[in-house]
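User: I keep seeing labels such as "buried" and "edge-to-face" and I'd like to know where they come from. Can you walk me through some?

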Amino acid sequence: MKISAIEAYGIACVEPNDYNRTRYTTIVRVRTDEGVSGWGEGITMWPEATHAVVTLIEKGFKDLLIGEDPLQTEKLWHKMRSHVWWYGVGGLASFSVSALDMALWDIKGRALGLPVYQLMGGLVHEKLPAIASIHGKYATHEENVGEIASYIEEGYQGVKIGFGKKGQAILGREEAHDLEFVRRVRERIGYEKMFIIDIGNGIRWETPHAIRMARAYEEHRVLWLEEPFHPDRMDDYRELRQKTNIWIGAGEREWHPEGYRRLLESGTVDVFGIDPARAEGITGFLKIRELIGSKGKIFNAHAWSTGITTAASLHLSVSSPHCLLLELKPLANPMQHELTVPAITHRDGWVFAPDAPGLGVEVDEAALRKYRLT
């Protein structure tokens with residue numbers, strides 16, 4: 001079997017889970033001379049990055065990979081990384097490697113008639129708790145808490161809420177306001193449900209404020225506090241880790257195993273966010289997963305894009321003992337409910353391992369044309 005063709009598509013979709021913001025991504029199809037194709041994704045996020053990655057794939061990586069055996073995923077991963085030595089591992093190059101590597105694993109599973117998780121050693125979890133991953137968007141506590149409660153009533157076993165995002169919510173900006181919100185959430189959903197707070201990059205916290213909030217959130221059994229600082233603020237992460245006990249989540253903006261190794265060695269992170277559509281695909285994720293597991297830490301797949309990335313994240317998560325849950329976007333959206341079928345959803349609060357070969361999802365080509373970025 002040889003790689004015979006590679007196609008890259010920039011996609012633009014309105015995302016109801018992100019206050020109807022237009023989100024961008026890059027989807028890749030790799031074809032073989034035996035008729036087996038695979039799909040992958042690089043979450044490029046911005047239109048200019050999407051156009052650039054499409055160009056890198058179609059003008060550079062395509063010629064690099066045509067004629068190669070797609071089943072040799074490790075070899076091709078290293079070949080792609082070596083190719084980008086001049087313009088650097090990371091950034092646009094990592095998006096490109098991520099999409100192509102993911103597609104190669106999809107081909108391997110399809111060609112062998114196995115779900116991708118079987119190629120990673122098989123199932124550790126037959127199912128994982130489903131967490132509704134949302135952005136705070138309403139002006140009042142009543143509305144935001146009501147939305148969270150509705151997802152718990154729907155069956156989700158917890159919620160992760162992003163502070164400082166688009167919308168009318170002012171979460172993350174005022175101490176008393178945030179503490180009242182957390183108190184109301186726990187009062188409404190109880191303490192048995194998982195509750196995660198993601199600060200992200202929408203707001204800037206100073207270290208004393210972060211310490212106070214982390215201690216207060218711990219009292220309300222917030223499972224972890226995610227991305228409280230920009231990744232460059234390592235001294236702030238160290239001080240927060242030294243002065244609090246709450247789990248700290250970080251890492252989703254790292255690019256490759258080397259970056260995660262440095263983050264792991266810093267001793268500041270308990271839950272490592274990994275995005276297979278950013279961190280050099282499934283091969284990169286597996287190397288990072290092994291590093292994290294060797295130190296007894298856990299990871300959480302950052303799967304907030306199309307069903308392709310969600311599928312890859314699910315396979316990587318159910319095949320490892322170092323994962324606790326899987327995040328899902330709870331509102332129906334084009335990236336997961338039109339572009340890919342079947343949609344990956346929860347059943348009674350659980351996400352089950354798929355049975356189909358490869359990643360287990362197909363891309364609807366009519367939807368691909370509909371949302372293609374021109």
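Analyst: Sure, let's go label by label, and keep in mind that this is a predicted model.

User: Why is the pair of Phe95 and Trp255 called edge-to-face?

Analyst: A pair of aromatic rings is described by the distance of the centres and the angle of the planes. For Phe95 and Trp255 the centres are 5.2 Å apart, and rings pair if their centres lie within 6.5 Å. Their planes sit at 80°, and over 60 counts as edge-to-face, so that's the label this pair gets. By this rule the count comes to six aromatic pairs.

User: What makes it a link between distant parts of the chain?

Analyst: Phe95 sits in helix 3 (residues 91–112), while Trp255 is in the loop between strand 8 (247–250) and helix 9 (257–265). That puts the two residues 160 residues apart along the chain.

User: Are Phe95 and Trp255 buried or partly exposed, and how do you know that?

Analyst: Look at the relative accessibility. Phe95 has 7%, and buried means under 20%, so Phe95 counts as buried. Trp255 has 21%, and between 20% and 50% is partly exposed, so Trp255 counts as partly exposed.

User: What makes Phe229 and Tyr237 an edge-to-face pair?

Analyst: Their ring centres are 5.3 Å apart and the angle between the planes is 85°. With the cut-offs of 6.5 Å for pairing and over 60 degrees for edge-to-face, Phe229 and Tyr237 fit the label. Both residues are buried too: Phe229 has a relative accessible area of 1%, and Tyr237 has 2%.

User: How do you know that a charge sits over the ring of Trp255?

Analyst: Arg278 lies over the face of Trp255, at 3.6 Å from the ring centre. The distance cut-off is within 6 Å, and 3.6 Å passes. Lys329 does the matching job of example for Trp304: Lys329 lies over the face of that ring, at 5.2 Å from its centre.

User: Why is strand 4 called largely enclosed by the rest of the structure?

Analyst: Strand 4 covers residues 127–135, and eight of its nine residues are buried, so the strand is largely enclosed.

User: What makes strand 4 paired with strand 13, strand 11 and strand 5?

Analyst: Pairing takes at least two bridges. Strand 4 has three bridges to strand 13 (residues 350–352), and those two run antiparallel. Lys127 stands opposite Phe352 there. Strand 4 also has three bridges to strand 11 (residues 326–328), this time in the parallel sense, with Ala130 opposite Leu326. Then there are four bridges to strand 5 (residues 158–162), again parallel, where Ser133 has Lys160 as its bridge partner. Strand 4, helix 5 (residues 141–154) and strand 5 also make a right-handed β-α-β unit.

User: How do you know that both faces of strand 9 are covered?

Analyst: In a regular strand the side chains alternate between the two faces of the sheet. In strand 9 (residues 271–274), Val271 and Gly273 are on one side, Phe272 and Ile274 are on the other, and all are buried.

User: What makes strand 8 and strand 10 partners of strand 9?

Analyst: Count the bridges again, with at least two needed. Strand 8 and strand 9 are joined by two bridges and run parallel, with Val271 as the partner of Gly249. Strand 9 and strand 10 (residues 298–301) are parallel over four bridges, and Asn300 is the partner of Gly273. Two right-handed β-α-β units turn up along the way: one is strand 8, helix 9 and strand 9, and another is strand 9, helix 10 (residues 281–294) and strand 10.

User: What makes the space lined by Glu226 and Phe272 a cavity, and what else is there to know about it?

Analyst: In a cavity, a 1.4 Å probe fits but cannot get out. The search of the whole structure finds one cavity of 30 Å³ or more, and about 70 Å³ of space lies in the largest cavity. Its lining has 13 residues, and those nearest its centre are Glu226, Glu252, Phe272, Gly273 and Asn300. Strand 9 gives the most to that lining, with three residues.

User: And which residues are closest to the centre of the largest pocket?

Analyst: The largest pocket has a volume of about 790 Å³. Of the 31 residues that line it, Arg21, Arg23, Met45, Lys165 and Glu252 are the closest to its centre.

Terms used
Residues numbered from 1 in each chain as written. Heavy atoms only, no water. Phe/Tyr/Trp six-rings, centres within 6.5 Å; stacked < 30°, edge-to-face > 60°. Buried < 20%, exposed > 50% of the residue type's maximum accessible area, 1.4 Å probe, protein only. Lys NZ or Arg CZ within 6 Å of the ring centre and 35° of its normal. Right-handed = clockwise from strand over helix to strand, strands pointing away. 1 Å grid on protein atoms, 1.4 Å probe; cavity = no way out; pocket = protein on both sides within 12 Å on 5 of 7 lines; lining within 4 Å. Points joined across faces, edges and corners; volume = space filled by probe spheres on them.
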